[in-house]
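Here's a quick briefing to read alongside the model. Have the sequence and the 3D view open as you go.

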Amino acid sequence: QVQLVESGGGLVQPGGSLRLSCAASGNIFSIYIMGWYRQAPGKQRELVADITKGGYTTYIDSVKGRFTISRDNAKNTVYLQMNSLKPEDTAVYYCGANHRSYWGQGTQVTVSS
């Protein structure tokens, strides 16, 4: 089993920045990919960005150039640096491991003036 704990959400004005963190524990050696997902009210959960154990990253088009996913293998932690935030980025952000096999509890990100 893998446990994931997110932190770093909050309220930010448009154009602002936030950094989310996801700490993994448990059977971490089984993890080969980690990702950040988000779910806005009334919408399906979508992948925002993911990163493989080797550091290969992918992003959805709407966040390219604004968000950066990274990982610290020594700390078993994945980060999502979010810059130039827009109101449409408002959602609950979830950390996921091995695509959708494991989930964190989610953290709320609200972008509003």
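What follows is a short tour of a sheet, a disulfide, one residue in an edge strand and some salt bridges.

Keep in mind that this is a predicted model. The sheet in question is open, with 4 strands in the order S1-S3-S8-S7 and antiparallel pairing. There is 1 disulfide to look at, along with 4 salt bridges.

**The sheet**
- Strand S1 (2–7) and strand S7 (67–72) are the edge strands, each with a pairing partner on one side only.
- On average, and ignoring direction, neighbouring strands here are turned by 15° against each other.
- Inside the sheet, strand S3 (residues 18–26) runs antiparallel to strand S8 (residues 77–82), and 6 bridges join the two.
- For a handy landmark, find Ser 21, which stands opposite Tyr 79 in S8.

**The disulfide**
- Cys 22 and Cys 95 make the link, with their sulfur atoms 2.0 Å apart.
- Cys 22 sits in strand S3 and Cys 95 in strand S9 (residues 91–97), so the pair ties together parts of the chain that are 73 residues apart in sequence.
- The link of Cys 22 and Cys 95 is left-handed, at -75° about the S-S bond.
- Both Cys 22 and Cys 95 are buried.

**Val 2**
- Val 2 belongs to strand S1.
- Val 2 counts as buried because its relative accessibility is 6%, and the cut-off for buried is under 20%.
- Leaving out residues up to four places away in sequence, Val 2 touches Ser 25, Asn 27, Ser 30, Ile 31 and Tyr 102.
- Val 2 and Asn 98 are 96 residues apart in sequence, yet their C-alpha atoms are 9.9 Å apart in space.

**Salt bridges**
- Arg 38, Glu 46, Arg 66 and Asp 89 are linked in a salt-bridge network.
- Within the network, Arg 38 meets Asp 89 at 3.0 Å, N to O.
- That pair links distant parts of the chain, with Arg 38 in strand S4 (residues 33–39) and Asp 89 in the loop between S8 and S9, 51 residues apart.
- Arg 38 and Asp 89 are both buried.
- Arg 38 also meets Glu 46, at 2.8 Å, N to O.
- Are the two ends of that pair buried or partly exposed? Arg 38 counts as buried at 7% relative accessibility, whereas Glu 46, at 34%, counts as partly exposed.
- Another salt bridge joins the side chains of Lys 64 and Asp 61 at 3.1 Å, N to O.
- With 63% relative accessibility, Asp 61 counts as exposed.

Terms used:
Residues numbered from 1 in each chain as written. Predicted model: local features only at pLDDT ≥ 70, side-chain atom pairs only at ≥ 80, totals over all residues. Heavy atoms only, no water. Pairing = 2+ DSSP bridges. Axes fitted to C-alpha atoms, helices over the stretch in contact; angles between N-to-C directions. Disulfide = S-S within 2.5 Å. Buried < 20%, exposed > 50% of the residue type's maximum accessible area, 1.4 Å probe, protein only. Contact = heavy atoms within 4.5 Å.
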